[in-house]
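Here's a quick tour to read with the structure open beside you. Grab a viewer and follow along.

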Amino acid sequence: MAAAQEKTARVGGNGPSLTREQFMDAFHEMLLIRRFEEKAGQLYGMGLIGGFCHLYIGQEAVVVGIQMTLKDGDKLITSYRDHGQMLAAGMTPRGVMAELTGRATGYSRGKGGSMHMFSREKNFYGGHGIVGAQVALGIGLAFANKYRGTDEVSVAYFGDGAANQGQVYESFNLAALHKLPCLFIIENNLYGMGTSVERASASHELWRNGEPWGIPGRRVDGMDIAAVHEAAAEAVAHCRAGKGPYLLEMMTYRYRGHSMSDPAKYRKREEVDQIRKTRDPIEHVRQILLDAGVGEDSLRKIEDDVKATVNDSAEFAQTSPEPDPAELYTDVLLEA
């Protein structure tokens, strides 16, 4: 009994308390995303990943905290900064890395690359390269949930750079009109490509963008997984209860440039270093666990396991076969 009580003991956080086990799981998932993305950056630099590659480093608490509130059947859709969402949804590191390197064993059989991966099995409906376009598709997924009479929720991720796109506001209108179970997530990492959100948006309170349609919204510290979990749990419950859509603005930060080809000279190195030093989401959870009595050896084991998983995914991706040229002619037309 004492061991069971210790396992579920509540530990601190700025949001609602999470169990020690939940923080341990979150530490593992966030670290997996961080190390996977670092490895993807290395492979890109070696020329093994081509095209565009947008890394999620720094934003891990957002997707992991939200995923903790979801259940099987809930659907996800996002933009081209999508590797973190894939891994959080349960897609395998091997399959994701193989797709990044354009191999036949990848989730899109090597034809999608970084920006276009899907998994119907995991209810992940893709990263999308057209800015803001995934939001309209996200409410389509929500409409399907409502039409089928389920209580499943659709989560549509987009960035601050997409927040003022026309199709986003059209999606807000339709979602509110039909009370669709759609959770809109603005990942505000402060820079849309190379432009500060303060220069690009007349509104600096993006969480209020749904107000004209009566969509409730909330701004959240996206670097604190407990705060993310609290806000997401409230929003998901709202959607699941048939009350319509909800909007969360997650204040987060990306450590790398917009993509691997972006040197990010529009911001000072001191700015990035200060965020890493004072607000890093993974280090925040690490300290919570240490303060709760979790030993360094336990955390080191998680780190070693994550390192082995990521190295295995990289090896698998580099040794997997290239797609057969015949794949050029598949998935083009639907045979009826």
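What follows is a short briefing, grouped by topic.

This is a predicted model, and its mean pLDDT is 93, with 95% of the residues at 70 or more. The weak spot is residues 1-9, where the pLDDT is below 50. The central sheet makes a handy landmark, and a few side chains and helices are worth a stop after that.

**How far to trust it**
- Beyond near neighbours in sequence, the stretch 1-9 has eight contacts in the model.
- Coordinates predicted with low pLDDT should not be read in detail.

**The sheet**
- Six strands make up an open, parallel sheet, and reading across you get β4-β3-β5-β6-β10-β9.
- Why do β4 and β9 each have one side without a neighbour in the sheet? β4 (124-128) and β9 (217-221) stand at the edges with a single partner strand each, so one side of each stays unpaired in the sheet.
- From one strand to the next, the twist averages 15°.
- Inside the sheet, β5 (residues 154-159) and β6 (residues 182-188) run parallel and are joined by six bridges.
- If you want a spot to look at on that pairing, find Tyr157, which stands opposite Ile185 in β6.
- Helix α6 (residues 133-147) packs on the sheet and touches β3 (75-79), β4, β5 and β6. The direction of α6 makes about 170° with that of β5.

**Ser79 and Gln85**
- Ser79 belongs to strand β3 and counts as buried, at 14% relative accessibility.
- Leaving out residues up to four places away in sequence, Ser79 touches Gly127, His128, Gln134 and Tyr157.
- Gln85 sits in helix α4 (residues 83-88). Is Gln85 buried or exposed? Gln85 is buried, with a relative accessible area of 0%.
- The side chain of Gln85 makes a polar contact of 3.2 Å with the side chain of Glu187.
- Setting aside neighbours within four places in sequence, the contacts of Gln85 are Tyr56, Val63, Leu76, Thr78, Phe124, Tyr157 and Glu187. Tyr157 turns up on the contact list of Ser79 and on that of Gln85.

**Helix α3**
- Seven of the eight residues in α3 (residues 60-67) are buried, so to speak a mostly covered helix.
- The buried ones are Glu60, Ala61, Val62, Val63, Val64, Gly65 and Ile66. Val63 is also one of the residues in contact with Gln85.

**Helix α11 and its ends**
- In α11 (residues 281-291), the buried residues are Pro281, Ile282, Val285, Arg286, Ile288 and Leu289.
- Those residues lie on the same side of α11, because they cover an arc of only 160° around the axis.
- At the N-terminal end, Asp280 acts as the cap of α11, with a side-chain oxygen 3.1 Å from the backbone nitrogen of Ile282.
- Just after α11 comes Gly293, which takes a positive phi of about 100°.

**A long-range pair: Asp312 and Arg94**
- Asp312 is part of helix α12 (residues 296-319) and counts as partly exposed, at 33% relative accessibility.
- Asp312 and Arg94 are 218 residues apart along the chain, yet their C-alpha atoms are separated by 7.4 Å.
- What joins the side chains of Asp312 and Arg94? A polar contact of 2.8 Å does.

Terms used:
Residues numbered from 1 in each chain as written. Predicted model: local features only at pLDDT ≥ 70, side-chain atom pairs only at ≥ 80, totals over all residues. Heavy atoms only, no water. Buried < 20%, exposed > 50% of the residue type's maximum accessible area, 1.4 Å probe, protein only. Helix = DSSP H or I, 4+ residues; strand = E, 2+ residues; numbered from the N terminus. Pairing = 2+ DSSP bridges. Axes fitted to C-alpha atoms, helices over the stretch in contact; angles between N-to-C directions. Contact = heavy atoms within 4.5 Å. Polar contact = N/O pair within 3.5 Å; in protein donor to acceptor, adjacent residues only side chain to side chain. pLDDT = per-residue confidence, 0-100. Arc of directions from axis to C-beta.
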